[in-house]
Amino acid sequence: AEIKDSYDDDHHLPIHLLAMASKFPPEKVLERENAADCLKTYLNAKPKSTADFLTAIQTLPEWLRDFAVLSDHVQDILNHKIVMRFPTTIMMMDFIVNILVIIMFEFASKDTIDYLFDQAEDSIPQEMKSTPAPKGYSIVTLVCGLYFLLREMFQIISLLLLGTIGSWVFDPLNWLDVLLICLIFFNGTIMLMNDPPISLAAFRIGAAITKAIMWLAVIFFLKSARVEFSVFVSGVYNVIQKLATYMVALIIILIMFAQMFYIMYVGEEECVCSMEHEEHEDVTKFPHCTPERSLMKVITMLMGEIGDEMRYSKHPWAQLLYLMFAFLVVILLSNVLIAIVTDLYTV
């Protein structure tokens with residue numbers, strides 16, 4: 001066999017060895033460039049599109065994997081694999097199961113929430129209370145979870161046989177899949193019970209987290225299936241990474257203004273009246289009477305929800321503080337955010 005398709009004594013292809021030797025940090029620019037040149041030379045030799053070769057590409061560091069996937073040889077291999085029936089069927093099954101589990105979990109979780117709510121209300125007659133969620137929704141949800149579990153187990157076994165299990169362990173997306181599987185089995189089992197041993201509030205939180213991860217799984221599936229979507233997701237991820245300094249500065253400034261507004265109004269007539277009518281839900285509460293409410297208000301003001309700006313009319317210092325907030329946060333920092341995102345995304 002040619003060198004490009006030869007295995008060593010540990011049954012590793014050349015690209016396996018490159019993957020294991022190319023775990024360079026970002027500051028090792030020259031080493032990364034050399035590794036990319038080696039990979040380019042290897043791919044230009046057009047190695048055979050075996051299962052070991054494709055698995056080895058998955059074990060490459062992310063920065064090197066992106067380079068490999070965009071090469072002409074790998075693109076030709078992927079295009080050839082996509083038109084084959086079995087890989088296409090698996091890809092379609094992944095997408096169908098992702099959507100199916102979201103739909104079934106939505107129906108089952110809604111019925112379970114209604115049931116838990118009615119059980120907690122003593123004022124509702126027993127004959128008028130909701131029944132537990134239909135078993136069919138929960139069973140289909142668990143079957144989808146079993147499908148994800150089998151897919152993950154096959155991936156782990158294949159990497160174990162190749163001796164590159166470390167690439168699975170250090171990939172955050174794999175742990176996201178594991179978390180999704182655990183949540184599906186946990187919530188599916190809860191929804192399957194006639195008397196769920198969980199409070200309504202706890203189930204709401206768990207269901208909300210599960211739905212968020214389900215939709216994240218759909219996003220990452222589209223990222224792996226479509227190059228255009230992958231470029232978009234990678235761009236968003238790059239922007240989020242680079243925004244750390246800006247977000248820290250923004251949080252500090254928001255907390256500063258929230259505390260200043262709170263100090264300005266605590267003990268004043270607006271807050272005293274608001275506290276006296278605290279039990280009346282139909283009474284609009286003044287937004288700066290507690291530190292928590294004041295912080296929430298400045299965050300919504302950042303988003304453009306100013307509300308009644310006349311609430312500051314009785315206090316000149318509060319008006320000045322409001323003008324400072326409007327200029328520094330609403331106008332200046334919001335436009336700085338737009339400029340940073342635009343610059344980073346175009347890069």
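The exchange below concerns helix packing and salt bridges in a predicted model.

In this predicted model, local features need pLDDT of at least 70 and side-chain atom pairs count only at pLDDT 80 or more, while totals for chains, interfaces and linings use all residues. Residues are numbered from 1 along each chain as its sequence is written, and side-chain values use heavy atoms, with hydrogens and water left out.

Trainee: How are helix 12 and helix 14 oriented to each other?

Mentor: Helix 12 (residues 244–265) and helix 14 (residues 291–302) pack at an angle of about 125°, with their axes 8 Å apart. Angles under 35 degrees count as roughly parallel, over 145 as roughly antiparallel, 65 to 115 as roughly perpendicular and the rest as oblique. The two helices, helix 12 and helix 14, are therefore oblique.

Trainee: Which parts does the salt bridge between Asp 94 and Arg 151 tie together?

Mentor: A salt bridge requires a side-chain nitrogen of Lys or Arg within 4 Å of a carboxyl oxygen of Asp or Glu, and the side chains of Asp 94 and Arg 151 meet in one at 2.6 Å, N to O. The pair ties together parts 57 residues apart in sequence, because Asp 94 lies in helix 6 (residues 85–120) and Arg 151 in helix 7 (residues 135–162).

Trainee: Is Asp 94 buried or exposed?

Mentor: Buried means under 20% relative accessible area, exposed over 50%, and partly exposed in between (1.4 Å probe, protein chains only). Arg 151, at 37% relative accessibility, counts as partly exposed, whereas Asp 94, at 11%, counts as buried.

Note on methods. Axes are lines fitted to C-alpha atoms, for helices over the stretch in contact, and angles run from 0 to 180 degrees between N-to-C directions. Helices (H or I, at least four residues) and strands (E, at least two) are DSSP runs, numbered from the N terminus.
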